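This briefing covers a few unusual points along a protein backbone. Have the sequence and the structure open while reading.

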Amino acid sequence: MKIRYLLITVLLSFCCWGESLKDVAPSNVSAHVNGKVAALPDGAFVESRNGSNHVHYNFTTEGHDAIFFELKKPIAEGTVFTARVQGDGSGHRLFVVVKDNSGESFYFAGPAIDFKGWKNIGIKFKYPKINSGERYASIWGGDGNQTPDYPLQGIVVGLNDTPDTAIGSGMIVIKEIEVK
Ligand SMILES: [Ca+2]
Ligand SMILES: [Ca+2]
């Protein structure tokens, strides 16, 4: 009886429950400033409280600016990122980067933060169909086979300024993060 229960639990944990990342502390908080990886601008940081990630952004240039952080946790498999987000109505856009078991990175654009208050959001991992010899700018690093190899190492969550010419600071909260 015990073994049967254990088996069902294991099967469910692989197929249906998704992987909660709410207990994972953000690491490698980084920025793009004017299109390049750079030190975090003054006032830009991520603070994690009880699984709520408070993302304080400061976009300082008329070029592309972004802030992003890593959540490192092995994830058996996954096709969608879900979270609850408290928006600031700025219109900046979320993104996620999925890191496969070799560290190969896959970028996926998310929704605009054109709302204030809490909202459930989802970002689907739509892997492009790869034709041989074709390279995608949205895929880089790792084993370079342009295929997500499981288990994933974790994900990167970020906010892109939208449009690039935007300048300004603000704060959004991202919590109840799951990959399923
Ligand atoms: Ca900008
Ligand atoms: Ca790969």
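Is asparagine 50 buried or exposed? Asparagine 50 is exposed, because 7 other C-beta atoms lie within 10 Å and a residue counts as exposed at 12 or fewer. The model is predicted, and the points below describe two asparagines with positive phi and two cis peptide bonds before proline.

**Asparagines with positive phi**

- Asparagine 50 has a phi of about 45°, a positive value, although asparagine 50 is not a glycine.
- The place of asparagine 50 is the loop between β4 (45-49) and β5 (52-59).
- Asparagine 28 also has a positive phi, of about 50°, and is not a glycine either.
- Asparagine 28 belongs to strand β2, which covers residues 27-33.
- Asparagine 28 counts as exposed because it has 10 C-beta neighbours inside 10 Å, and the cut-off for exposed is 12 or fewer.

**Cis peptide bonds**

- Tyrosine 150 and proline 151 are joined by a cis peptide bond, with omega about 0°.
- Proline 151 sits in the loop between β11 (139-140) and β12 (152-160).
- A cis peptide bond also runs from threonine 162 to proline 163, where omega is near -5°.
- Proline 163 is in the loop that lies between β12 and β13 (168-179).

**Where to look**

- For the cis bonds, find β12 (152-160): the loop between β11 and β12 holds proline 151, and the loop between β12 and β13 holds proline 163.
- For the positive phi values, find strand β2 for asparagine 28 and the loop between β4 and β5 for asparagine 50.

Technical notes:
Residues are numbered from 1 along each chain as its sequence is written. Chains are lettered from A and ligands numbered from 1 in the order in which they are written. This is a predicted model: local features need pLDDT of at least 70, side-chain atom pairs count only at pLDDT 80 or more; totals for chains, interfaces and linings use all residues. Helices (H or I, at least four residues) and strands (E, at least two) are DSSP runs, numbered from the N terminus. A residue is buried if 20 or more other C-beta atoms lie within 10 Å of its own, exposed if 12 or fewer, and partly exposed in between; C-beta atoms are placed from the backbone.
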